[in-house]
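Biologist: I am new to this structure and would like a close look at just one part of it. Could you walk me through its salt bridges, pair by pair?

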Amino acid sequence: MLVTLHGAANEVTGSCYLVETGNCRVLIDCGLFQGSKHLERLNFIPASINAKKIDAVVLTHGHLDHCGRLPLLVKAGFKGRIYGTDGTLDIARLILMDAAKVQADDTDRENRKRVKAGQKPVKPLFTAADSERVFKLFHPLPYNKWISIAEHLKIDLIEAGHILGSSSVILVGDHNGGKRRLVFSGDLGQWNIPINRDPALLDTADAVFMESTYGGRNHPTYCDTVKELTDLIKEAVGKRGKILIPTFAVGRTQQLLYHLHEMFRLGEIKPFPIYLDSPMATAATEIYSRHTELLDPDVRDFFVGNNIYASLPSLKICTTALESQALNDVEGPCLIMAGAGMCDAGRILHHLRHNLSFPNTLVLIVGYQARESFGRQLLDGVNPVKIMGQTVFVRAKIVSVEGFSAHAGQSDLLRWIEPVARLKRARLILTHGEPHQLNELKYKLQDEFGVSPEIPSIGDTLEI
Ligand SMILES: [Zn+2]
Ligand SMILES: [Zn+2]
């Protein structure tokens with residue numbers, strides 16, 4: 001079989017593998033490149049993929065860097081089925097509609113500038129209508145069931161523990177009479193943390209394509225992370241301040257809601273007002289409530305039906321922009337969760353503008369902040385900052401709590417690959433990581449298991 005890497009090679013975003021046998025051609029993921037202008041220029045479907053001749057697409061999970069080029073694939077003539085678990089397809093719907101809206105807003109802003117400069121207007125990468133055409137091809141699959149998706153090609157989706165519905169893909173195909181078993185890890189989660197189930201372990205394979213986002217390091221322990229979060233919130237509540245959490249809608253929001261509930265239930269902190277000021281995070285939470293069968297058994301009761309709202313009576317949902325603005329007049333202590341997760345856009349910006357100058361404000365950074373993001377500036381201590389055209393002096397406490405990552409750290413990655421690596425017969429191919437993370441993981445795998453992992457580049461074709 002031939003596997004060509006059309007993304008997430010020597011970097012994290014744009015996941016897309018083209019798998020070719022003598023009889024058929026399928027894609028595993030079809031993700032968007034994100035993070036810099038240079039990467040965003042790669043957001044097209046290369047002619048060599050030949051969208052009209054792709055038999056099927058399999059999604060490992062619903063994050064944009066794994067599904068965001070699907071509208072482009074469909075525009076280029078793809079008409080086959082798009083497979084993924086139920087949860088993955090629901091999240092992909094939410095994420096693709098949001099991405100279409102963000103692009104429409106960005107394009108409008110850009111075109112206003114271009115009109116003034118006498119330049120031609122630009123078009124968005126894709127629209128909401130393009131996304132809708134993708135959804136018509138969605139075809140949900142259960143976990144742990146072999147399904148034929150093309151001639152002499154079958155797949156089995158196993159739990160990856162990353163976000164709701166996430167899976168690794170085991171693919172078995174015939175090529176020139178020889179059977180090959182390939183594994184695509186997708187993004188892998190941490191073991192023994194609430195919300196998601198643990199990743200499923202592998203048995204055997206001819207080749208494993210493995211994510212390496214945190215190949216070079218481990219996260220702080222989850223227990224320490226939750227304690228740090230609790231202590232910080234306790235301190236801020238004591239000062240009657242506002243706690244602002246820039247949050248990612250899918251996964252992180254639900255994790256925080258669960259831990260806030262636990263803090264109240266255990267009596268660590270007396271309940272105080274929590275505002276979920278993100279329609280997208282509210283919609284993502286509803287998806288979690290609908291699919292509790294895919295969650296860690298310990299948290300199912302909390303998420304099922306409307307239980308979140310019954311268990312967290314101090315939680316209020318802000319739907320409209322007016323409700324969001326009204327939070328400016330609310331007295332502390334209170335906690336506001338709003339997007340975007342890296343503070344580059346969205347409602348969190350007006351909360352930051354309004355509250356950064358108060359010394360009893362706490363800004364809790366609980367997710368990855370890219371190098372050029374506004375969240376990174378805050379963490380780096382830039383002062384004053386410019387928000388929405390206004391200069392604001394920062395007197396708030398800005399703290400990063402690490403350890404809530406949806407990605408496996410190095411030791412979890414080793415745990416996942418160990419059963420296959422010990423057999424020493426599979427090719428290990430490291431993807432979805434920045435170069436130093438890939439290299440660190442490669443050396444660690446060499447040391448631990450005496451294997452020789454490969455690190456391919458974008459556009460490389462491997463024969464397996
Ligand atoms: Zn992901
Ligand atoms: Zn990813």
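Modeller: Happy to! Let's start with a word for how open a residue is: buried means under 20% relative accessible area, exposed means over 50%, and partly exposed lies in between (1.4 Å probe, protein chains only). This is a predicted model, where local features need pLDDT of at least 70 and side-chain atom pairs count only at pLDDT 80 or more, while totals for chains, interfaces and linings use all residues. Residues are numbered from 1 along each chain as written, chains are lettered from A and ligands numbered from 1 in written order, and side-chain values use heavy atoms, without hydrogens or water.

Side chains of opposite charge can pair when their charged atoms come close. There are 22 salt bridges in the structure (a side-chain nitrogen of Lys or Arg within 4 Å of a carboxyl oxygen of Asp or Glu).

A good place to begin is D130, which takes part in a network of salt bridges together with K75 and R133. Look first towards K75: its salt bridge with D130 has the closest N and O atoms 3.5 Å apart. This pair connects distant parts of the chain, since D130 sits in helix α5 (residues 128-135) and K75 in helix α3 (residues 70-75), 55 residues apart. Helices here are DSSP runs (H or I, at least four residues), numbered from the N terminus. The two partners also sit in unlike surroundings: D130 counts as buried because its relative accessibility is 7%, whereas K75, with a relative accessible area of 47%, is partly exposed.

Now turn to the other partner of D130 in this network, R133. The side chains of R133 and D130 meet in a salt bridge at 2.7 Å, N to O. This pair stays within helix α5, and because R133 and D130 are three residues apart there, about one helical turn separates them. R133 has 42% relative accessibility, so R133 counts as partly exposed. Taken together, the network joins a buried acid, D130, to a partly exposed K75 and a partly exposed R133.

For a second place to look, go to K239 and E235, whose side chains form a salt bridge of 3.3 Å from N to O. K239 is partly exposed because its relative accessibility is 43%. Its partner E235 is partly exposed too, with a relative accessible area of 36%. So while the first two pairs share the buried D130, here K239 meets a partly exposed acid, E235.

How values were computed: Helix = DSSP H or I, 4+ residues; strand = E, 2+ residues; numbered from the N terminus.
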